Amino acid sequence: MGVEGIGARVVRKEDKRFITGKGRYVDDIKLQGMTHAHFVRSPHAHAKVKGIDSSEALKMPGVVAVLTGQQIVDDKVGNLICGWAITSKDGSPMKMGAWPAMAPETVRFVGQAVAVVIADSKNLARDAAEAVVVDYEELPAVADVHAAIKSGAPQLHPEAPGNQVYDWVIGDEGATDAAFAKAANVVKLDVTNNRLAPNAMEPRAAIADYDAAEEHFTLYTTSQNPHVARLVLSAFYNIAPEHKLRVIAPDVGGGFGSKIFIYPEEMVALWASKKVGRPVKWTGDRTEAFLTDAHGRDHVTHAEMAFDANNKITGLKVKTYANFGAYMSLFSSSVPTYLYATLLSGQYNIPAIHAEVVGVYTNTTPVDAYRGAGRPEASYLIERLMETAARQLKVDPAALRRTNFITTFPHQTPVIMAYDTGDFNASLDAAMKAIDYAGFAGRKAKAKADGKLRGIGVSCYIEACGIAPSKAVGSLGAGVGLWESAEVRVNPVGTIEILTGSHSHGQGHETTFCQLVAERLGVPISQVSIVHGDTDKVQFGMGTYGSRSAAVGLTAILKAMEKMESKAKKIAAHALEASEGDIVIENGEFKVAGTDKAIAFPMVALAAYTAHNLPDGMEPGLKESAFYDPTNFTFPAGTYICELEVDPGTGKTSFVNFVAADDFGRLINPMIVEGQVHGGLVQGIGQALLEHAIYDANGQPVTASFMDYAMPRADDVPSFNLSHTTTLCPGNPLGIKGCGEAGAIGASAAVINAITDAIGKNNLEMPATPDRVWRTIHAA
Amino acid sequence: MSTVKLTVNGKAVAVDVEDRTLLVHLLRDHLNLTGTHVGCDTSQCGACVVHMDGKAVKSCTMLAGQADGASVTTIEGIAKGDELHPMQAAFRDNHGLQCGYCTPGMIMSAIDIVHRHGDQLDETTVRHELEGNICRCTGYHNIVKAVLDAAGRMKVSQAAE
């Protein structure tokens with residue numbers, strides 16, 4: 001490892017612009033003649049749109065246009081799509097209602113747009129939107145999944161009778177029933193996985209610019225995957241063919257999944273910019289984010305786990321109702337199915353699993369991937385079940401896990417996933433040592449003497465990352481391949497540009513990706529630039545989500561680097577009159593092994609471009625590209641243990657210690673990896689203690705601002721004690737598993753297990769607010 | 001419309017704005033100082049924090065007109081040329097930022113926290129004082145480290161002046 005190579009704690013190259021206020025986010029961009037959009041949004045959860053009167057708005061000075069849902073339908077802009085086809089257990093395809101970018105006839109959630117005002121300034125657009133009169137006929141609405149599937153419930157879409165999108169199953173029902181029939185003990189649990197609002201700090205924004213002469217659009221947008229956005233906008237929404245649409249995602253202020261999707265606002269901005277003949281900018285405010293950014297989680301689950309007399313798990317049965325909101329968002333269908341139920345084996349040897357997932361429409365904001373996407377729901381369920389089982393079977397929770405750990409690899413679970421490697425005992429050991437698990441009983445007794453209830457909670461998570469092998473996901477219904485692309489461009493002076501289809505919105509790719517180049521070539525990272533986020537620069541890419549950028553994106557860069565190095569070695573060998581096989585790369589030089597003959601990398605680059613003395617038949621230039629498609633998912637895993645105290649008088653939880661022992665395979669930059677874990681842990685803790693996107697029974701959102709939705713703040717959370725154990729991922733040459741989602745996947749169960757341990761009652765829903773904890777303590 | 005006269009990052013400016021214009025929009029839209037961000041509409045997130053007459057304020061929560069005659073410092077105004085403010089350097093060195101969106105407000109709040117607490121700063125105080133700045137990326141761990149680190153650096157740099 002060099003000072004800037006793989007494994008080095010290199011400070012981030014991108015930081016200078018962010019700490020000096022020179023970041024360039026979408027809302028920072030101004031175009032000549034730019035107009036501003038403000039959407040007219042439904043205040044009702046379910047209503048017919050009887051008419052829209054824009055006449056007063058159009059009279060206001062500075063108002064350019066008022067455009068409605070009917071117009072966007074008339075112009076044949078496509079309905080929003082869901083890109084992953086799920087088949088119900090009866091063989092029928094999932095049942096989807098149409099989702100137009102603005103509603104022409106019916107609104108189905110509060111915040112759905114019915115019209116847009118385009119004006120010379122943002123304030124004018126907002127004022128004029130107030131003057132647009134919409135005649136709504138209110139319809140009965142339903143927000144809760146159980147209410148939505150009852151007979152007589154308000155119906156959202158005629159295409160989906162009973163509000164059911166699908167009823168999907170996985171696993172072997174017969175084998176699972178047989179395991180339960182023979183079980184020595186059965187543990188049952190009902191859990192709700194609370195709905196969350198992602199709340200990246202930068203609200204979504206878009207600027208669309210139509211060039212009539214070239215019939216060409218440029219879209220600046222807050223996207224985690226600009227190429228996917230271009231593909232969907234072109235292929236499905238009829239905005240423009242791909243070569244006439246450039247999508248730029250500049251600095252993006254956090255995503256957490258919510259900026260994967262192509263939203264109505266981008267579609268409308270593009271369409272409107274052509275209609276009004278001027279650039280159109282839309283910047284969401286925080287309330288719009290709460291109303292329209294895809295939410296996360298929102299499962300209601302009943303699960304049962306069967307054990308034999310030796311406390312070995314013999315079977316698992318799960319039934320989950322997943323709330324999808326009012327429409328099927330881009331990848332929503334895959335989240336409670338292939339990203340959830342395929343992880344229900346956890347870290348454990350479970351011979352038989354059967355899971356059924358019912359997807360349900362409600363009059364709420366659409367739900368889709370949010371940090372972890374399905375895997376937090378699976379991990380939370382399994383780790384709450386293990387804790388419940390330990391209490392019921394009266395065994396130590398860590399010991400029960402150890403009894404059931406998978407210890408040989410590869411391991412085929414009964415739910416598709418084949419775990420390639422891991423050492424679950426090692427991460428459990430590391431976490432138990434870090435928190436002094438053995439000394440907990442003494443600490444609990446001391447806390448009790450001080451009037452506090454102390455608890456400890458273990459969570460052993462596993463996730464499937466490195467998303468994803470294209471053939472495998474294609475066979476499961478995905479509409480896209482999930483490879484990544486990269487290009488290495490060496491300039492004639494030897495500086496290097498790495499073009500990647502990954503997108504950084506906080507992950508630090510501009511640093512970590514350079515570290516790979518530094519490792520291989522021995523050049524300083526200052527000589528390397530990372531180019532991303534612009535469809536005119538990078539040919540194609542699938543973007544950043546699912547902890548895929550290092551495992552998949554960086555591997556694509558490695559593949560392109562290998563091709564470039566191979567050519568460079570030929571050039572060096574030719575220049576040094578040596579055999580290509582004798583050339584080694586060290587400290588920025590190409591050397592003939594075992595001699596003092598060497599040529600510096602910039603001279604190799606220059607030779608490639610002057611082309612005065614290249615091997616016969618070699619093309620000039622030094623530029624290579626690669627597409628990398630993984631052969632399997634990767635399986636980051638680890639143990640989190642939380643120790644906390646509950647004040648029985650107030651129900652308030654205080655952290656004592658929180659340890660995380662993760663196995664992410666090889667780490668490129670441990671400092672950045674730790675930052676990813678910290679952030680993920682706080683999102684998991686936020687779900688456990690604070691966050692809940694709440695609707696009333698009529699579909700009115702109750703939490704649509706930071707005044708109402710409890711975001712984790714600095715004084716809500718502790719500092720963390722992190723460590724790593726390592727098994728290298730055999731599926732990619734760098735041995736990387738991915739680290740982006742682990743914290744959010746594993747943390748919430750550790751917290752709830754600890755609180756329920758402290759208060760001595762097992763049933764406690766998230767978020768465990770002081771009020772809820774106090775009521776649970778004092779419930780009969 | 002009104003003319004607001006103020007000093008921004010040491011430079012005197014006069015800006016004609018609609019009376020309802022917020023200070024943050026004067027900075028972003030009229031002066032192109034886009035380092036100051038808007039992350040909410042309820043004064044909760046702190047992405048918009050700037051200094052007015054040496055104190056941290058949320059620039060989304062005051063009218064531009066209320067800054068008439070004041071001296072405002074934004075994230076763009078705290079480095080001395082190429083020399084970063086110690087708080088900026090500490091955020092970089094401690095990996096106290098990821099997406100960077102909350103960072104300007106965090107740094108401006110943090111400088112004010114150090115000014116007010118000086119040597120008395122500890123982790124609990126920093127966490128309590130950062131209550132008005134929301135970060136979704138870092139989990140605050142490294143932000144807290146950065147602020148405590150910067151408190152030491154600021155003491156050294158003050159002693160040197």
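Author: A residue is called buried if 20 or more other C-beta atoms lie within 10 Å of its own, exposed if 12 or fewer do, and partly exposed in between. Please keep in mind as we go that this model is predicted.

Reader: With that cut-off in hand, is strand 9 of chain A mostly covered or mostly open?

Author: Strand 9, residues 205-211 of chain A, is mostly covered, since six of its seven residues are buried. In a regular strand the side chains alternate between the two faces of the sheet.

Reader: Which strands are joined to strand 9 of chain A by bridges, and how do they run?

Author: Strand 12 of chain A (residues 280-283) is joined to strand 9 of chain A by four bridges, and the two run antiparallel; in this pairing A:A208 stands opposite A:V280. Strand 10 of chain A (residues 216-221) is joined to strand 9 by six bridges, again in antiparallel fashion, and here A:I207 stands opposite A:Y220. Strands 9 and 10 of chain A also form a hairpin with four residues between them, and A:E215 in that turn has a positive phi of about 50°.

Reader: Why would a positive phi, or a cis peptide bond, be worth pointing out?

Author: Most residues other than glycine have a negative phi, and most peptide bonds are trans, so the exceptions catch the eye. One such case is A:I416, whose phi is near 75°; A:I416 lies in the loop between strand 16 and strand 17 (418-419) of chain A, and it counts as partly exposed because it has 17 C-beta neighbours inside 10 Å. Another is A:D436, which has a positive phi of about 55° although it is not a glycine; A:D436 is found in the loop between helix 12 (424-435) and helix 13 (440-449) of chain A, and with 13 C-beta neighbours inside 10 Å it too counts as partly exposed.

Reader: And where are cis peptide bonds found in chain A?

Author: The bond from A:F409 to A:P410 is cis, with omega near 0°, and A:P410 sits in the loop between helix 11 (397-404) and strand 16 (411-412) of chain A. The bond from A:M766 to A:P767 is also cis, with omega near -5°, and A:P767 has its place in the loop between helix 19 (742-759) and helix 20 (770-778) of chain A.

Reader: What span should helix 10 of chain A have at 1.5 Å a residue?

Author: An α-helix has 3.6 residues a turn, so residues three or four places apart point the same way. For helix 10 of chain A, the 19 residues from 375 to 393 should span 27 Å, and the end C-alpha atoms are 26 Å apart, which agrees. Of those 19 residues, 16 are buried, so that the helix is mostly covered. Just after helix 10 of chain A, A:K394 takes a positive phi of about 55°.

Reader: How many helices and strands does chain A have, and how compact is the chain?

Author: Chain A has 20 helices and 28 strands. Its radius of gyration is 27 Å, close to the 28 Å that the globule rule gives for 780 residues, so chain A is as compact as a globular protein of that length. Buried residues make up 60% of the 780 residues in chain A.

Reader: How many residues does each chain bring to the contact between chains A and B?

Author: Chain B gives 44 residues and chain A gives 42 residues. On the side of chain B that touches chain A, the largest share, four residues, comes from helix 2 of chain B. By class, that side of chain B has 19 nonpolar, 16 polar and nine charged residues.

How values were computed: Residues are numbered from 1 along each chain as its sequence is written. Chains are lettered from A and ligands numbered from 1 in the order in which they are written. This is a predicted model: local features need pLDDT of at least 70, side-chain atom pairs count only at pLDDT 80 or more; totals for chains, interfaces and linings use all residues. Two residues are in contact if their C-beta atoms, placed from the backbone, lie within 7 Å. Ala, Val, Leu, Ile, Met, Phe, Trp, Tyr, Cys and Pro count as nonpolar, Asp, Glu, Lys and Arg as charged, and the others, Gly among them, as polar. The expected span of a helix is 1.5 Å times one less than its number of residues. Two strands pair if DSSP finds at least two bridges between them. The radius of gyration is taken over C-alpha atoms; the globule rule is 2.2 Å times the number of residues to the power 0.38.
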